[in-house]
Amino acid sequence: MSYLQEQETLRVTEKKCSACGETKPIETSGRDGSRKDGREPRCKACRSARHAATYVRKGHPTSRPVSQKHKPGNRYGALVLVERVEQSGEPRALFRCECGTVKALQINNVASGTTVNCADRANHPDPRRRDQLTYNGAHSRVKRERGSASRHLCRCGKQAEQWAYSHADYDQVRMTEGREAGKPYSLDPQHYSPMCRRCHARFDQARRRLGGALSLVHLAYWMATHDQAEEVAA
């Protein structure tokens, strides 16, 4: 039976309510004035009151169980989660590194692999650090320790512009890779002299012309007796 057909069979009769005891209009479906579900007839007010008393509201719960993906005991490479730390911002936790150090780290960084250890440089050297200075690093050290070359005078009397390696260090090293591969340099800042661009270029040309094994005395004598015009012509 459809809803419309069911509504058509309902009759409103004056009957005594079984709940409140008063005679009120009560909807009935049977010809004898009984209810379809077999219960005693009740008025609308009593049915509403009973419905309100027994109604259980459905919907989302006000509180849900906390589901934590990263729990104590989980291992992430060299790190083991010890205890979560309640802090504002990014979720953090105490991690025990394989070296024995316990440190508070961001969980997201550890889980994604951005943080792989406790970063204690005594036990985990920085992979970005080089054991030996590069060609550019050596020049930067000279500038850092002795200042800018422009604060000095070149031996020609003009203002210096660059730090030039004297090629007098017996412990000089050479670059093995990169754009500066093959170039010699010194790790000692004292083996660099302030020069202007012109003198620096002539100094390098003299060294290439006469050979890298010559002493500074030979290089200075050659540069003093040869002008720039002869070098360019050669």
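Visitor: Why does alanine 119 count as partly exposed?

Guide: This is a predicted model, and the values discussed here are computed from it. The relative accessibility of alanine 119 is 34%. A residue is buried under 20% and exposed over 50%, with partly exposed in between. Because 34% falls between these two limits, alanine 119 is partly exposed.

Visitor: Where is alanine 119 found, and which residues is it in contact with?

Guide: Alanine 119 belongs to the loop that joins helix 3 (107–112) and helix 4. Apart from neighbours within four places in sequence, its contacts are Lys103 and His124. The C-alpha atoms of alanine 119 and lysine 103 are 9.5 Å apart in space, while the two residues are 16 residues apart in sequence.

Visitor: What makes tyrosine 76 and phenylalanine 95 an aromatic pair that is edge-to-face?

Guide: The count for this model is 3 aromatic pairs. In the pair of tyrosine 76 and phenylalanine 95, the ring centres are 6.1 Å apart and the planes make an angle of 75 degrees. Rings pair if their centres lie within 6.5 Å, and planes over 60 degrees apart count as edge-to-face. Both conditions are met at 6.1 Å and 75 degrees, and therefore the pair is edge-to-face.

Visitor: Which parts does the pair tie together?

Guide: Tyrosine 76 lies in strand 3 (residues 75–76) and phenylalanine 95 in strand 5 (residues 92–97), so the pair ties together parts that are 19 residues apart in sequence.

Visitor: Why does tyrosine 76 count as buried, and why does phenylalanine 95?

Guide: Tyrosine 76 has a relative accessibility of 17%, which is under 20%, so it is buried. Phenylalanine 95 has a value of 1%, and it is therefore buried by the same limit of 20%.

Visitor: How do you know that tyrosine 135 and tyrosine 185 form an aromatic pair?

Guide: The rings of tyrosine 135 and tyrosine 185 are 5.8 Å apart, centre to centre, with 90 degrees between the planes. Since 5.8 Å is within 6.5 Å and 90 degrees is over 60, the rings form an edge-to-face pair. Tyrosine 135, in helix 4 (residues 135–146), and tyrosine 185, in strand 9 (residues 184–185), are 50 residues apart, and the pair links these distant parts of the chain. Tyrosine 135 has a relative accessible area of 18%, under the limit of 20%, and is therefore buried. Tyrosine 185, with 1%, is buried as well.

Visitor: In what order do the 4 strands form an open sheet?

Guide: The order is 3-4-5-6, and the pairing is antiparallel. Strand 3 and strand 6 stand at the edges, each with a single partner strand, so each has one side without a neighbour in the sheet.

Visitor: How do you know that strand 4 and strand 5 pair?

Guide: Strand 4 (residues 79–85) is joined to strand 5 by 6 bridges. Two strands pair if there are at least two bridges between them, so these strands pair. Valine 80 stands opposite arginine 96 of strand 5. On its other pairing, strand 5 meets strand 6 (residues 102–106) in the antiparallel sense over 5 bridges. Here leucine 94 has alanine 104 as its bridge partner, and arginine 96 stands opposite valine 102.

Visitor: Which residues of strand 5 form the covered face, and which the uncovered one?

Guide: Ala93, Phe95 and Cys97 make up the covered face, whereas Arg92, Leu94 and Arg96 make up the uncovered one. In a regular strand, side chains alternate between the two faces of the sheet.

How values were computed: Residues are numbered from 1 along each chain as its sequence is written. This is a predicted model: local features need pLDDT of at least 70, side-chain atom pairs count only at pLDDT 80 or more; totals for chains, interfaces and linings use all residues. Side-chain values use heavy atoms; hydrogens and water are left out. Rings of Phe, Tyr and Trp (its six-membered ring) pair if their centres lie within 6.5 Å; planes under 30 degrees apart count as stacked, over 60 as edge-to-face and the rest as tilted. Buried means under 20% relative accessible area, exposed over 50%, partly exposed in between (1.4 Å probe, protein chains only). Contact means heavy atoms within 4.5 Å.
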